[in-house]
Every structure is written in structure tokens, then in C-alpha cells.
Amino acid sequence: MSGDDGGARPRSDRATLTVVGGGVIGLCCALAAADAGWRVTVLTDPDAPRAADVAGGMLGSLGEGHPGEDVLLEITADSVRRWPALLARLADPAIVVATDSLFVGVTSADVAVLAQLARFVWSGPVGSETVERSVLRQVGGREIRDLEPALGPRPVGGFLASGEGAVDNRMLLRALESALVERGGVVCARRVDSPAGLDGDRILVAAGLGTSKLVSGVDLYAAKGEILRLTANAWSVPGPRHVVRARVGDRMVYLVPRSGGIVIGATQYEPIDAADRAPRVSGVADLLADALEVMPGLRTYDLAEVSVGMRPCTADGLPVVRAVDERVIVATGHGRNGIVLAPWTSHRFVEILGESWAD
Ligand SMILES: Cc1cc2nc3c(=O)[nH]c(=O)nc-3n(C[C@H](O)[C@H](O)[C@H](O)COP(=O)(O)OP(=O)(O)OC[C@H]3O[C@@H](n4cnc5c(N)ncnc54)[C@H](O)[C@@H]3O)c2cc1C
């Protein structure tokens, strides 16, 4: 962000960037470019759904480490380190809803699976550095309830991932757009059918799932996810202070704090027709059953929203951030990690902008 323009500062104050897509990736890249001195216009289809509107907003890396996903873990950890600078740039502390994550299992077999993932992270795949055990550390049942009194008696053990918090995704999107506009950027409601005819010295296509139709050679598939939003009423028990990520048998459920409520997520179905946007009864029932298993007090909340989003996924699970030609750059394919990866992506984007501008 400011002071970290990756050499992308344009030589002329007439240098213009058009961004296609006003999701978290488009807006974060647009702000980074505006901070680097570009005149930025964002064009975004008001009728195309935006995955970032439904997301949980978790900023996970260590607790997300899965064998075989070493590169993803590395860039996610890099992005987590960039989040404080982005939050300082946005200057609204209310965006942060939790600073740590608590991973819990409801049986010893569930805890054993979590321990396997922790061993993978401790063994050092993150940039060849071994992750300190104080950053991801094992906790027993009693400590879990001391840390998170909102939990019921079922969780028997787990791990605390310090520094892995969450943001309010909708506040984040509003803050990114406001910061961009304050910096002189423009956001227009407009569907783009091809980047070819657009004005601008450089074009960024960051249209989420819509990118495949705009840039050839970018193949994406949709992973559908259901997510629930609960709001507290006068009789509700206090909600969690951490992001709680629970393993319940062969399923994961997460509870993410919000001001005045809780987000419960998320299912995943893939591959799926991107037009299949109806929530399934089975998905909603599983989320509620698993969430109540770890926090029975959720019964006291109101079910305010059931929503469905489509994660834009690539076959290798890695985001695509690259120049397509001398004018067009693409940033998409962030799958289940688009929020956490936004600062890494915008940093990489301004690097590419700098390289292409220097040519
Ligand atoms: C249920 C669920 C939970 C999730 N939870 C998390 C989480 O906890 N943490 C995390 O890091 N990630 C999470 N994600 C993933 C994250 O939401 C996505 O990876 C991220 O939103 C992708 O960002 P994007 O900007 O590429 O796409 P989107 O957010 O989908 O935005 C794309 C934008 O492009 C616009 N657009 C599309 N086509 C066109 C066109 N032709 N012309 C103009 N504009 C166009 C759309 O209107 C939209 O504004 C979750 C996703 C889902 C579905």
C-alpha cells in the first residue's frame, strides 16, 4: 500500500488503470495502484454476484496448512503478514472482528486429525521456516473453555493459532471502496463484455468467476458455499471472541464473531453449475447441527440470513496473478482464500504493473 508501490509509480500523472471487477481483489488492487499514483477506474457489474459479500472473512494460514498445499500456505502466510499495513491504511479498527483462531475437535479422533495438520505446519513448509510452537500451540479441553467460555462441553482439545483473526467482509469492502474514492479513484456500475475496447493504459481483469469469459486461457470452476448469519437478541448468550474452527467427525464448521452476531460457515460443493445458487436444506442443517454441537448457546440467536456464494477456483488451487499481454493483467482464482490473499495479490499486482510500465 502507501510507501510500497513495488516500482509501479507511473512516470506521467496521466497514466490510467481500468479495473474490471469490484470484488475484494479488484478493490484491493485498485487501491494499491491509486496509492502508487495511478488514476484508477473500477467497472463492476451490479448484477453479477460477489463472493466477498458472503465470505466468512477469516484470515487463516497456519490453521489452513494442508499437506500438498505448501505454495498456497507460503503465499497465504505472506499475505497474513501484509494485513496489518492494509488495516492501518483503512484506519477503521472495527473491521477486525477477531485476532486469533481456536481449532477444536469434539472427539479425540478429531483432535488427532488437527494434530496431523499442525505437525505439517510445524515441520516448516512456510518459506522453509519452522513455525514456532507458541504461534500454533496445542490446548486441552479446560484451557479451551477458559479461552472461549461460549463453547459447550463437547470440544475435547485443539490448537490456538495466534494472530489468525478475521475481518468483517462487508465492512472491508465498503472501507476499500471509500479509501479508493478518497484517493481519487472512481467506481462505476458497468458490465464489461471484453477488456479489448476499454480505455486505460493498463487493464486489470479481477472479475472473480466472470474472468474466464473475459480472458482466454484462465480456467476457473465454481465451488459453491452456504453460510449463515445469526444476530443476537435480548436473550442471546455471549458469542465467541475467537474464530472457532471445529472438526465434527468428517466435517469442519467455523463460527466467526461479528458485531451483534455470528457467522457460521461454510459448506463446499464442487464442481457445480455456477447458476445453482439455492441453499440446500442438507447444507444448512449440517452447519446448524455442527455449530450447535460446539456452542449450544447459539439456540438463543436469530437466524438472520442464509446465503450462497461461489468461490472462483483453479485446478491447481493457486491464484492466477499475471500479465496476459503488454496491457492486460489478470488477478483471480483465489478459491476459499480471496479475503486473506487480497494484500498479497495487490502487492504482486503493483510489482507486475511496475515491470510492464518500465518496459
Ligand atoms: C461461503 C464462502 C465463504 C468464504 N469465506 C472466506 C474466508 O473466510 N476467508 C477468505 O479469505 N475467503 C473466503 N471466501 C473466498 C472469497 O470470498 C473469494 O475468494 C473472493 O471473494 C474472491 O474475490 P474476487 O474479487 O476475485 O471475486 P468476487 O468477490 O466474486 O468479485 C468479483 C467482482 O467482479 C464483478 N464482475 C464479474 N463479472 C463482471 C463483468 N463481466 N464486468 C464487470 N464486473 C464483473 C462482480 O460483480 C464482482 O463485483 C469465501 C467464499 C465463500 C463463497
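Student: Into which classes do the residues of the shell around the ligand divide?

Tutor: The shell around the ligand holds 20 nonpolar, 13 polar and six charged residues. Ala, Val, Leu, Ile, Met, Phe, Trp, Tyr, Cys and Pro count as nonpolar, Asp, Glu, Lys and Arg as charged, and the others, Gly among them, as polar. This is a predicted model, in which local features need pLDDT of at least 70 and side-chain atom pairs pLDDT 80 or more, whereas totals for chains, interfaces and linings use all residues. Residues are numbered from 1 along each chain as its sequence is written, and side-chain values use heavy atoms, with hydrogens and water left out.

Student: Which residues come nearest to the ligand?

Tutor: A residue is near a molecule if one of its heavy atoms lies within 4 Å of it. Of the 39 residues around the ligand, the nearest are A51, M58, V192, G335 and V340.

Student: Which backbone atoms lie close to oxygen atoms of the ligand in polar contacts?

Tutor: A polar contact here is a pair of N or O atoms within 3.5 Å. A backbone N or O atom of M58 is 2.9 Å from a ligand oxygen, and for I339 the distance from such a backbone atom to a ligand oxygen is also 2.9 Å. A polar backbone atom of A52 lies 3.1 Å from an oxygen atom of the ligand. The protein buries 96% of the 1,000 Å² that the ligand exposes when taken alone, with areas from the Shrake-Rupley method and a 1.4 Å probe.

Student: Which element gives the most to the shell around the ligand?

Tutor: Helices (H or I, at least four residues) and strands (E, at least two) are DSSP runs, numbered from the N terminus. Strand 15 gives the most, with four residues. Helix 1 (24–35), strand 2 (39–44), helix 2 (51–54) and strand 15 (302–313) each supply at least two.

Student: Where does the ligand lie relative to the domains?

Tutor: Domain bounds come from an automatic or database domain assignment. Domain 1 (1–96 + 166–219 + 317–359) and domain 2 (101–162 + 221–313) both give residues to the shell, so the ligand lies between them. The C-alpha centres of the two domains are 26 Å apart. Contact means heavy atoms within 4.5 Å, and 32 residues of domain 1 are in contact with 30 residues of domain 2.

Student: How should Q138 be read: buried, partly exposed or exposed?

Tutor: Buried means under 20% relative accessible area, exposed over 50%, and partly exposed in between (1.4 Å probe, protein chains only). Q138 counts as partly exposed because its relative accessibility is 48%. Q138 lies in strand 5 (residues 136–140) and touches V111, G158 and F159, not counting residues up to four places away in sequence.

Key:
Polar contact = N/O pair within 3.5 Å; in protein donor to acceptor, adjacent residues only side chain to side chain.
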